[in-house]
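Me: Hi! I'm new to this one and would love a friendly walk through it. Can we look at it together?
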Amino acid sequence: MSLPLQSLRNVALRRIQLLNRSFTAPAPNAAPAPVRFTSTAATATAMSKPFTLWTAATPNGYKVSIYLEELKAAYGADKIDYEVKSLSFQKNEQKEPWFIKINPNGRIPAFTDHKRNDFNVFESAAILLYLAQHYDPEHKFSFDPVTQPDEYSESLQWIFFAHGGLGPIQGQANHFYRYAPEKIPYGITRYLNETKRLYEVLEIRLTQDGGRDYLAGAGKGKYSIADMNAFGWVRAWNWCGIENLDFVPHVAAWLERIAARPAVEIGVTVPSGGHKANLSKEEQDKIAEEARKWIMAGNAPK
């Protein structure tokens, strides 16, 4: 999908802003540098942008930042702009009382819409659907449920597939492969194999209709929130122990196609840093070892 000149200008300006940031490179489920907040009231009064994204450098967090960057590039920063508030998992900030008021589940991402009376939304897929409902009026990255009922249903099916299957299963694969205090072969094998099976389901979809570019939509499909919802997890395929994507070549091509989009390149650096691709095994092991300490501390009985 080619972007109009104004959209490319919006992306270029955003890239210049990001170049002025200093950042590190955490792993897909590693936490960003801690940012302390005292209360939701204190932060809300300081917001100068219409939206706030409460997030961390994880696959679920990237879903929303990617969509926000796509919307900003498509509609302009005068209509779509957001404040990034990065939460520290090391300090368990997502469990603090002020954040529980935003997301009772104590997870990221969460989203606050200051245009609509500080309305809060939690669960990454729910945030994507909320943004499509309120801020994608031309359905550039979504489908109209009235005029495109079949495409809209396809989109929901693949969103729910990723939200209910791909994310939770690959998250468990990450845990047993990277973070568990002891290696449990059954857990590692069970969740790795199920993650690979889910990738094979994506492969089936992308080979249908003579070959598809995207998950939902007629013909070869249209890049949409259905793709964004799965992309963050598939992008981190090697973190759960998958050695390569040779067994799903259409998924590999789909991944490269999406990763090359300018707004996606920006979205995976939110919050500042994101994580770089192609980490060496030594780098991966070091990041996992550091993360294991605070993950286990967070799991300790209260």
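Me: Which side chain does the side chain of Asn229 make a polar contact with?

Reply: That would be Lys63: the two side chains make a polar contact at 3.0 Å. Keep in mind that this is a predicted model.

Me: Got it. Where is Asn229 found, and is it buried or exposed?

Reply: Asn229 belongs to helix H8. Its relative accessible area is 0%, so it counts as buried, the cut-off being under 20%.

Me: What else does Asn229 touch, leaving out residues up to four places away in sequence?

Reply: Besides Lys63, Asn229 touches Ser124, Ala125, Leu128, Ile159, Ala162 and His163.

Me: Ala162 makes me curious about H6. By about how many degrees does H6 bend there?

Reply: The bend of H6 at Ala162 is about 35 degrees.

Me: And how far does H6 reach from its first C-alpha to its last?

Reply: H6 spans 42 Å with its 31 residues, which is close to the 45 Å expected at 1.5 Å a residue.

Me: New topic: how many residues are in the largest nonpolar core?

Reply: There are 61 residues in that core. Tyr67, Leu68, Leu131, Leu166 and Trp254 have the most contacts inside it.

Me: Which elements each supply at least two residues of this core?

Reply: One strand is on the list, S1 (51–55). The helices are H3 (59–75), H5 (124–135), H6 (149–179), H7 (185–207), H8 (225–234) and H9 (249–259). H6 gives the most, with 8 residues.

Me: Why does this core lie between domain 1 and domain 2?

Reply: Because both domains give residues to it: domain 1 covers 51–140, and domain 2 covers 149–261 + 278–294.

Me: Back to Leu68 for a second. What does it touch, not counting residues up to four places away in sequence?

Reply: Leu68 touches Phe51, Leu53, Ile80, Tyr82, Phe111 and Leu131.

Me: How many residues does the second, separate core have?

Reply: That second core has 9 residues, including Leu87, Trp98, Ile108 and Ala110.

Me: Last one: what about Glu70, is it buried or exposed?

Reply: Glu70, found in helix H3, is buried, with a relative accessible area of 1%.

Me: Which side chain does the side chain of Glu70 make a polar contact with?

Reply: Arg261, at 2.7 Å. Not counting residues up to four places away in sequence, Glu70 also touches Phe141, Tyr223, Met228, Ala263 and Val264.

How values were computed: Residues numbered from 1 in each chain as written. Predicted model: local features only at pLDDT ≥ 70, side-chain atom pairs only at ≥ 80, totals over all residues. Heavy atoms only, no water. Core = buried A, V, L, I, M, F, W, Y, C linked by side-chain atoms within 4.5 Å. Buried < 20%, exposed > 50% of the residue type's maximum accessible area, 1.4 Å probe, protein only. Helix = DSSP H or I, 4+ residues; strand = E, 2+ residues; numbered from the N terminus. Domains from an automatic or database assignment. Contact = heavy atoms within 4.5 Å. Expected span 1.5 Å × (residues − 1). Bend = angle between axes of the 7 residues up to and from the residue. Polar contact = N/O pair within 3.5 Å; in protein donor to acceptor, adjacent residues only side chain to side chain.
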